[in-house]
Amino acid sequence: MPRVRIGSALGLRGAGSFLSSPTGLLVLLLVAVLLFSLFLAWRDPLTFRIGIRNFVRGRRRTVVLLLGLLVGTAIISSSLVIGDTVASLSTHFAYIADGNVHEAVYATVNGSYAPLPYSFFQDMNTSLAKERYVQGVSPLFLSTGTLSGMDRTSGVPQTGMNLLGMDGNSSSALGEFTATNGTHLSGPRPGEVLLDPTAATDLDAVAGDHLQLSFGPFNRIDVTVLAVVQADARGGFQDNGEGNVFATLSDVGTLVGIPGVINYLAVTNTGGAQGGMAYTSTVLSEINSSLATTVAQFPSGSLPAGLAAHNILQSDVSSASSSASQLTTLFLVIGLFSIVSGSILVVGIFVLLSEERKGQMGVARAVGMTRRQLVKSYYFEGLAYSLGSAFLGTLLGVAVAYLLVDVMVNLVSLGSSTEAISQSFTVVPSSLLIAYCAGFLLTLLTMVITVSYVSRLNIVRAIRNLPEPPLNRRSYLRLALFGAIVLAIGLLLVREGLPTSMDISYVELGVSIALLGAAMVATAFVPRRFAFSGAAIGLVLFWGYLPIRTALFGSNHPGSIFVLFVEGIFLILAAILLYLFNADLVMRGISGLLNRNPKRVPVARVAFAYPYQKPFRTAMTLAIFAMVLFTIVAIASIGSGVNANLQEMVTSQSGGFTLAGYSETPIANLSGEVKNNSTLSSELSGVVSFYSAKGAVERNTSKGPESFGSQIAAAPVGVPAWENFYALNHYNFSSTWNHMSASAVWQSLETNSSVAVLSGDYSVSSDFSFGPSRNAVPIGSFLNITTPNANSRASVRVIGILSETLLSVILVNPSMMTGTLGTSSSALFLFTVAPGASVQSATYGLKLAFFPYNLQLVNFAQVLDSGIQFLLSFLDLLEAFVALGLLVGIAAIGILALRAVVERRSEVGMIRAMGFRKSQVLAAFLTEYSFLALLGIGIGIIFGLLLSYNLSQSVSGFISFSVPWTNLALVVGLSYGLTLIATGAPSYQASRFPPAEALRYSE
């Protein structure tokens, strides 16, 4: 069942912290607006009564308008609730991964926990026993990805499992295990182990099976499976997806070869997993004090360097919340198109209202009402609409989020996590408060701006319903002056952004704003058609032709996902500007086509007259369709491109190999042992062993020296063909030094001890302006490398960066690796499965043959396919989210059509009086809406595909450009069909108006 969390949402941590939070500021702003509105109502009760009367008088109209105004609020609400749900889910897994461990004491050496004597735990336990907030201290041995096991009953081997050793009394602090049959266990007994579901599945083991465990090539023990336990906060502790094996500390000591060894002190606070985090800072202070005293009692050098207390649970929960926040941001950015569409809809609704009441407003002004009073009456009416629509939109957003979570459960297969997803739907009151306040303020602000503009009317023209005169020269001069200000703002954004690390989105936003400002300035000298058409073409070229932006800003400027929104908005704006200022040319072209059939000419002229005469409303309708369709098509095309590129990606990432292998212990002459194994020799056609070691890398940057760790590897030369990496690999390069060919790079690596080749995760990213990756190394850089066995530091130049990113490695010359870096052992391998042989059988055979060495294998195709399928499922989820916005947008178009029919009732009466039949009126309205819908859909599709194409060019090797024809046909069919359904009823209603009643109609 959904959970609603109450607490920080209402500011229970203190009024001060609440008021300074974003939620508090929004609430204060809302209260201020309401108090201001009450003050206005008290000062001018007449305009208040007029506004509220208009709200209450037409109930049907009020309901319709409320439904049209809630779009933006619904998108905000659903995005925030999805973020709350993901935060709840992430926190759930953080609690499981950390168990009931709030703080821990350990030291790491080369990424692994360093061993500690058992007496260290005893001293720390005695010291912390008096601390009131410490429930218990548990001695553990943790080693991830280092254990091999073989089920002697089923004969199935598995490598890379996690070994967790514990005392029998650990359950008093960490809690009990729960077996899959519901039985509670305090822990394993000597000679017995507990398995989590992942380990049990990998080993094909059940309770009572006999296992052989191996830790290194010579340390083995035989144990019995006591039970398979649930992956809860006890059984899922420290699980990285490789499977947990829980054993006693005595068995671990035998397996590791160090009796009484531990490497991790787990500290559990009082108050439970969540409540205990409140005491973390106090307990950490006490642990540090006890640690200093305890370390001083041990002989120098008997404890590992770097031994320290760590904040475990609170830190991981904070990281989980941060990740959830990023996902919320993603949904908000994707939803921004729908939010903007909702704002446009608000404008459209109030413009329609003002047009309907144009005569009424003119009469009101004529009898003495001032423009300010007129604006205030609409303000009070809009205030009522905003309060109601924000409430309905917030509730609708919760429903949308719940539907999306249900879609996530059905789309994303996460095994045992699926149930956790369905149970983690969370609605936090603060999110609802933010959604309501933001939706209310957004609607009200948009309404106020719109009403302030439309209230600038001439009394005589309003009463007689005459069109506004064309702009005079003074208006153009004002527009040019405003354009100069806009141009200056755009140029300032560019000037301030380029020399700094400012998000490239803002720099590109500055260029786009400058183009629009220049167009406004140009209207004082050239016709508007030329000025704005030129700006529109400039925007299309700037955003649509990627080499222009690359030439202006380079490919390494940092950026964010916000660039997607900026690009979409300006491309759609450019298309709408091109249409608006060239609509007459479009109409002439359509008329020319229709003139071939004279019977259709009257209907077509009526159908296209309204969009031509009302360009602002036409632009709003086009924008609503185009923005949502742009997002849907872009997401679908990206997903199609990723899926279409799967096989190419497998080849690129694998280099032509099938499996990658890592061993905890170096394996000498692995290829020779494979050759002598009759089964494996027939299943494998290539085996490459690398000299490998973990190394420290340093390079000089403009900000000073940068250091990081990396796997250093070198492929031997002078080996048989089936072991020769340089001849067997098919890796592609993303960049090479001085444009060297691939063969020249590999030849240089074989013979030159001063060069290196890096895997793709070290490349300077050009991923659609999303900035450089961590530890990005430019081609041609010099690196200084050391390894634990190094005789001296090696200096190398980077001459090639690969496209592949699965193997994070720096490849160096073999003679330099064995000489300067002093490493000739092999723990990194690549395997090619022979054509026709079974990959699964080869994997099983390798694990079985090298079981003592804990050889872990990665199937390139399987890993990539799994990752891509998850990505595609996530993209499907985003599509579903945007599609809901499309449905709401289409419904909003229907609402606009319903109000437009009321406004155009007299027009319908006139054409009926002139001889139009009911069928012709219906055809004219359906033709009009079909034209607008198809044009908006076309704009969205074209620019959505353009975005996908640009992305495929900037992220080559990961996405290829692919048109999702099936999805496009489905989207176009549904969008157009639903639009006809939404506008069909108003159109039919218009066709049924009796001419006499329509001509004298007044709402």
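This section describes the fold, cores, strand pairing and selected side-chain interactions of a predicted model.

The protein chain has 1003 residues, of which 54% count as buried. Its secondary structure comprises 37 helices and 27 strands. The accessible surface amounts to about 43,100 Å², and carbon and sulfur atoms account for 60% of that area. When contacts in the protein chain are restricted to residues at least 6 apart in sequence, 81% of them join residues at least 24 apart.

The largest nonpolar core contains 140 residues; those touching the most other members are Phe 331, Tyr 379, Phe 440, Trp 543, Phe 570, Leu 878 and Phe 881. Helix α25, which spans residues 615-644, gives the most to this core, with 17 residues. Outside its neighbours within four places in sequence, Phe 881 is in contact with Ile 75, Ser 78, Ser 79, Ile 82, Phe 331, Ile 334, Gly 335 and Leu 404. A second core, separate from this one, has 45 residues, among them Val 193, Ala 199, Val 223 and Leu 284.

Strand β20 (residues 704-714) pairs with two strands described here. With strand β19 (residues 684-701) the pairing is antiparallel and extends over eleven bridges; in β20, Ser 710 is the residue opposite Gly 695. With strand β25 (residues 809-812) β20 pairs in the parallel sense over three bridges, and Ala 713 stands opposite Leu 811 of β25. In a regular strand, side chains alternate between the two faces of the sheet.

Seven salt bridges are found in the whole structure. One of them joins the side chains of Glu 508 and Arg 549, with an N to O distance of 3.6 Å. This pair links distant parts of the chain, since Glu 508 belongs to helix α19 (residues 504-522) and Arg 549 to helix α21 (residues 546-553), 41 residues apart. Glu 508 and Arg 549 are both buried.

A salt bridge is also formed by the side chains of Arg 793 and Glu 698, at 3.9 Å from N to O. Here the partners are 95 residues apart: Arg 793 is in the loop between β23 (782-786) and β24 (794-802), while Glu 698 is in strand β19. Glu 698 is partly exposed because its relative accessibility is 27%, between the limits of 20% and 50%. Glu 706 and Arg 699 form a further salt bridge, with 3.1 Å from N to O. The two partners fall into separate burial classes: Glu 706 has a relative accessibility of 23% and therefore counts as partly exposed, whereas Arg 699, with a relative accessible area of 11%, is buried.

The structure holds 28 aromatic pairs. Phe 542 and Trp 543 make an edge-to-face pair, with 5.2 Å centre to centre and 80° between the planes. Phe 542 has a relative accessible area of 4% and is buried; Trp 543 is buried as well, at 0% relative accessibility. Trp 543 is also one of the residues of the largest nonpolar core that touch the most other members. Tyr 726 and Trp 746 likewise form an edge-to-face pair, at 6.4 Å centre to centre with 65° between the planes. Because Tyr 726 lies in helix α29 (residues 725-728) and Trp 746 in helix α30, the pair ties together parts 20 residues apart in sequence. Both Tyr 726 and Trp 746 are buried. These two residues belong to one aromatic cluster together with Phe 657, Phe 690, Phe 725, Tyr 731 and Phe 733.

Helix α30 (residues 742-751) also contains Ser 748. Ser 748 is classed as buried because its relative accessible area is 15%, under the limit of 20%. Apart from neighbours within four places in sequence, Ser 748 is in contact with Met 740, Val 755 and Ile 799.

Backbone geometry was examined next. Most residues other than glycine have a negative phi. Asn 669, not a glycine, has a positive phi of about 55°. Asn 669 is located in the loop between β18 (659-662) and α27 (670-676), and its relative accessible area of 54% makes it exposed. His 739 also has a positive phi, of about 60°, without being a glycine. The loop between β21 (733-736) and α30 holds His 739. With a relative accessibility of 79%, His 739 is exposed.

Key: Residues numbered from 1 in each chain as written. Predicted model: local features only at pLDDT ≥ 70, side-chain atom pairs only at ≥ 80, totals over all residues. Heavy atoms only, no water. Pairing = 2+ DSSP bridges. Helix = DSSP H or I, 4+ residues; strand = E, 2+ residues; numbered from the N terminus. Buried < 20%, exposed > 50% of the residue type's maximum accessible area, 1.4 Å probe, protein only. Contact = heavy atoms within 4.5 Å. Areas by Shrake-Rupley, 256 points an atom, 1.4 Å probe, with all protein chains shown as cover. Core = buried A, V, L, I, M, F, W, Y, C linked by side-chain atoms within 4.5 Å. Salt bridge = Lys/Arg side-chain N within 4 Å of Asp/Glu carboxyl O. Phe/Tyr/Trp six-rings, centres within 6.5 Å; stacked < 30°, edge-to-face > 60°.
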